[in-house]
2 protein chains.
Amino acid sequence: MSEAAHWLDDAEMESWLALIGVVMRLPSALDGQLRGDADLNYFEYVVLAALEHAEEQTMRMSDLAFVCHGSLSRLSHVARRLEGEGLIERYACPSDGRSTLATLTDGGRERLATAAPGHVKLVRQLIFDELDREEMRELGALSKRLLARIQA
Amino acid sequence: MSEAAHWLDDAEMESWLALIGVVMRLPSALDGQLRGDADLNYFEYVVLAALEHAEEQTMRMSDLAFVCHGSLSRLSHVARRLEGEGLIERYACPSDGRSTLATLTDGGRERLATAAPGHVKLVRQLIFDELDREEMRELGALSKRLLARIQA
DNA sequence: TCCGAGTTCTTGAAGGTTCAATAAATACTA
DNA sequence: TAGTATTTATTGAACCTTCAAGAACTCGGA
């Protein structure tokens, strides 16, 4: 295969720059709103939200890290902070001594309730107000395929 | 407007989770390759790449920060590191005493050349190998519109 | 059963980013 | 043109994430 085949052509570069722009800027936009409304960053918010939707509002740390798209180490540090603020609790898993279970507290639910309306409003404003129904589905379908590659 | 209108429906949530998954995971995938191949993180790579494509391989710090999607403070810290490694140089702007100009050195060009093949290969692998030509353009067009909102 | 390999989680240190304060220059305005 | 506001960039501290090491446990084969 020729060397040139490895580089991006103009159309690919244009698409890439737009995508990576979203990737680079979206997190700080989300962090800003959450910090202001509920003194959380996006990752902390996602951890609380994931627990809220889980069975018994409880998850294993490693599963939680995966669905939140973060490393276990990152989650462990964040969990210590969240536990210190009384937003979650951790306890040993009865069925597997290696695992730790994290669960949402009432305080965590309240904090989530404080953060959520502004967060959803911002997501709508930045993403879904811009797209019609078909475009929204298309973006989701493409993202899902890319995510599968990135996770692999 | 009813309260419910503020929340995301199932299809929106599915799309959002896929998009944010890409946003959360893509940077660490890119960082990994760049760290291994050239001891750079993605932001450092972007700074060097932006300079390479600029007139005279030189840009004002604040313009550089904007095109790299980072804060000026972040860029300033990174520029100190890159300058320390001899990859860029900074000097006062002759026409506006407030501004600093950053320029790529030979060392910076070399480092970029070390990093680029693997980086492009990974981007192709993660993004463009998954999409046909039409999907690639569609993703770019949608991303561009979202980016415009996020930057506003 | 025992031992080695693998899994799960935490921790401290190193490295990177954000935030707030500051300095220095330019632009505006009365 | 003097004074004020704005723009541009840097800095150090606080905060967060990554990295590497280690502890505790489970699994599987000899």
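## Polar contacts with DNA strand C

A polar contact is a pair of N or O atoms within 3.5 Å. In this predicted model, B:Ser73 provides an example: a polar atom of its side chain lies 2.6 Å from a base nitrogen of DNA strand C. The side chain of B:His77 also reaches a base, with a polar atom 2.9 Å from a base oxygen of DNA strand C. A:Arg98 meets another part of the strand, since a polar atom of its side chain is 3.3 Å from a sugar or linking oxygen.

The elements that give two or more residues to the surface near DNA strand C are helix H3 (61-67) and H4 of chain A, together with H4 of chain B. The largest share, five residues, comes from H4(B).

## The surroundings of DNA strand C

How many residues surround DNA strand C? There are 21, and the closest are A:Ser62, A:His77, A:Thr100, B:Ser73 and B:Arg74. By class, the surface near this strand is made of three nonpolar, ten polar and eight charged residues.

The atoms on the DNA side can be sorted as well. Of the atoms of DNA strand C within 4 Å of the protein, 67% are part of sugar or phosphate, and the rest are part of bases.

## DNA strand D

DNA strand D has 21 residues around it, and A:Ser73, A:Arg74, A:His77, B:Ser62 and B:His77 come nearest. These 21 residues include members of both chains. The surface near DNA strand D divides into three nonpolar, ten polar and eight charged residues. Among the atoms of this strand within 4 Å of the protein, 68% belong to sugar or phosphate, with the rest in bases.

Which helix gives the most to the surface near DNA strand D? H4(A) does, with five residues. At least two residues each come from helix H4 (72-84) of chain A and from helix H3 (61-67) and helix H4 (72-84) of chain B. A polar side-chain atom of A:Ser73 is 2.5 Å from a base nitrogen of DNA strand D. Two arginines have side-chain N or O atoms close to a sugar or linking oxygen of the strand: for A:Arg98 the distance is 3.3 Å, and for B:Arg98 it is 3.4 Å.

## The largest pocket

The largest pocket has a volume of about 740 Å³. Its lining consists of 29 residues, and those nearest the centre are A:Ala49, A:His53, B:Met13, B:Trp16 and B:Leu17. Two or more lining residues come from each of helix H2 (42-53), helix H5 (106-128) and helix H6 (133-151) of chain A, and from helix H1 (10-38) of chain B.

What classes of residue make up this lining? It has 22 nonpolar, three polar and four charged residues.

## The largest cavity

The model has one cavity of 30 Å³ or more. The largest cavity has a volume of about 50 Å³. From chain A, its lining takes A:Leu19, A:Val22, A:Leu139, A:Ser143 and A:Leu146. From chain B, the lining takes B:Leu19, B:Val22, B:Leu139, B:Ser143 and B:Leu146.

Helix H1 (10-38) and H6 of chain A, with H1 and helix H6 (133-151) of chain B, are the elements that give two or more residues to this lining. Eight of the lining residues are nonpolar, two are polar and none is charged.

## A:Glu44

A:Glu44 is placed in helix H2 of chain A. Is this residue buried or exposed? A:Glu44 counts as buried because its relative accessibility is 6%, and the limit for buried is under 20%.

The side chain of A:Glu44 makes a polar contact of 3.3 Å with the side chain of A:Arg81. Apart from neighbours within four places in sequence, A:Glu44 is in contact with A:Asp39, A:Val78, A:Arg81 and A:Leu82.

## Two residues with positive phi

A:His69 lies in the loop between H3 and H4 of chain A. Its phi is near 65 degrees, a positive value in a residue other than glycine. A:His69 counts as buried because its relative accessibility is 16%.

B:Gln57 also has a positive phi without being glycine, with a value near 55 degrees. Where is B:Gln57 found? This residue is in the loop between helix H2 (42-53) and strand S1 (58-60) of chain B.

Definitions and conventions. Residues are numbered from 1 along each chain as its sequence is written. Chains are lettered from A and ligands numbered from 1 in the order in which they are written. This is a predicted model: local features need pLDDT of at least 70, side-chain atom pairs count only at pLDDT 80 or more; totals for chains, interfaces and linings use all residues. Side-chain values use heavy atoms; hydrogens and water are left out. On a 1 Å grid over the protein atoms alone, a cavity is a set of points where a 1.4 Å probe fits but cannot get out, and a pocket is an open set with protein on both sides within 12 Å along at least five of seven lines; lining residues have an atom within 4 Å of a point. Grid points are joined across faces, edges and corners, and a volume is the space filled by probe spheres set on the points. Helices (H or I, at least four residues) and strands (E, at least two) are DSSP runs, numbered from the N terminus. Ala, Val, Leu, Ile, Met, Phe, Trp, Tyr, Cys and Pro count as nonpolar, Asp, Glu, Lys and Arg as charged, and the others, Gly among them, as polar. A residue is near a molecule or strand if one of its heavy atoms lies within 4 Å of it. A polar contact is a pair of N or O atoms within 3.5 Å; within protein, one must be able to donate a hydrogen and the other to accept it, and residues adjacent in sequence count only if both atoms are side-chain atoms. Buried means under 20% relative accessible area, exposed over 50%, partly exposed in between (1.4 Å probe, protein chains only). Contact means heavy atoms within 4.5 Å.
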